[in-house]
Amino acid sequence: MKCDDMFNAYRMLSPDTPDYTHAFFSENLNPDDVLSGAVSKVFVPARIFEEYGEELPMKGDVMCVTDTHGDALCLIKVTELRIGKAGDEAYLYETAPDETGAAIGFKVVFS
């Protein structure tokens with residue numbers, strides 16, 4: 001399923017949701033961990049946002065998690081965003097101990 005198709009199906013259930021973005025970090029997520037809820041917080045260093053040319057998500061944003069072929073796996077909603085050093089979040093990228101970035105908490109809202 002393509003991302004737009006999944007979002008359109010979700011929008012039928014939640015018409016107030018204005019739009020979605022692609023979870024650019026999804027290429028580093030294990031889909032089974034996301035779908036099972038084993039991973040619900042990730043740390044993305046600030047330099048990765050710069051490299052991808054991405055903006056920080058905001059609490060409440062809906063993002064599409066894709067597989068390596070670009071097919072939609074699920075939609076997640078950002079439940080928290082913390083800027084600073086890594087904590088207990090899953091590390092998706094090699095991160096130096098004092099590196100700053102975004103800790104993104106999320107929940108699966110549609111799959």
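## Reading a predicted fold, step by step

Analyst: Let's start with one residue, Phe-25. Leaving out residues up to four places away in sequence, Phe-25 touches Val-42, Val-44, Met-63, Ile-76, Leu-92, Tyr-93 and Ile-104. Keep in mind that this is a predicted model.

User: What is the largest nonpolar core here, and which residues have the most contacts inside it?

Analyst: The general idea goes like this: in soluble globular proteins, nonpolar side chains tend to be buried together. In this structure, the largest nonpolar core has 20 residues. Those with the most contacts inside it are Phe-25, Leu-29, Val-42, Val-44, Ile-76 and Ile-104. The elements that give two or more residues to this core are β2 (41-45), α3 (46-52), β3 (62-66), β4 (72-85) and β6 (100-110). There's also a second, separate core of 10 residues, and it includes Met-6, Tyr-20, Ala-72 and Phe-110.

User: Okay, let's zoom out. How many helices and strands does the chain have?

Analyst: You'll find three helices and six strands. Going along the sequence, the pattern reads α-β-α-β-α-β-β-β-β.

User: And what can I say about the overall dimensions?

Analyst: Try the box first: the C-alpha atoms fill roughly 45 × 25 × 25 Å along the principal axes. Then the radius of gyration: a compact globule of 111 residues would have one near 13 Å, and this chain has 14 Å, so the two agree. Buried residues make up 40% of the 111. On the outside, the chain exposes about 6300 Å², with carbon and sulfur atoms supplying 49% of it.

User: How do I read a strand's two sides? Say, which residues of β3 point which way?

Analyst: The rule of thumb is that in a regular strand the side chains alternate between the two faces of the sheet. Now look at β3: Val-62, Cys-64 and Thr-66 point one way, while Met-63 and Val-65 point the other way. Both sets are buried, and that is five of five residues in a strand that is mostly covered.

User: Which strands pair with β3, and in what sense, parallel or antiparallel?

Analyst: Take the partners one by one. β1 (residues 21-22) pairs with β3 in the parallel sense over two bridges, and there His-22 has Cys-64 as its bridge partner. β4 runs antiparallel to β3, and five bridges join them. To see that pairing up close, find Val-65, which stands opposite Cys-74 in β4. The hairpin of β3 and β4 has five residues between the strands, and Gly-70 takes a positive phi near 85 degrees there.

User: Is Thr-66 buried or exposed, and why?

Analyst: Compare its relative accessibility with the cut-off: under 20% means buried. Thr-66 sits in strand β3, and it counts as buried because its relative accessibility is 7%. Not counting neighbours within four places in sequence, Thr-66 is in contact with Cys-3, His-22, Ser-26, Asp-71, Ala-72 and Leu-73.

User: What about Pro-31: where is it, and how does it count?

Analyst: Pro-31 lies in helix α2 (residues 31-36). Its relative accessibility is 32%, so Pro-31 counts as partly exposed. You can also compare sequence and space here: Pro-31 and Gly-84 are 53 residues apart in sequence and 26 Å apart in space, C-alpha to C-alpha.

User: Last one: what share of the contacts join residues at least 24 apart?

Analyst: Among contacts between residues at least 6 apart in sequence, 68% join residues at least 24 apart.

Conventions
Residues numbered from 1 in each chain as written. Predicted model: local features only at pLDDT ≥ 70, side-chain atom pairs only at ≥ 80, totals over all residues. Heavy atoms only, no water. Core = buried A, V, L, I, M, F, W, Y, C linked by side-chain atoms within 4.5 Å. Buried < 20%, exposed > 50% of the residue type's maximum accessible area, 1.4 Å probe, protein only. Helix = DSSP H or I, 4+ residues; strand = E, 2+ residues; numbered from the N terminus. Contact = heavy atoms within 4.5 Å. Pairing = 2+ DSSP bridges. Rg over C-alpha atoms; globule rule 2.2 N^0.38 Å. Areas by Shrake-Rupley, 256 points an atom, 1.4 Å probe, with all protein chains shown as cover.
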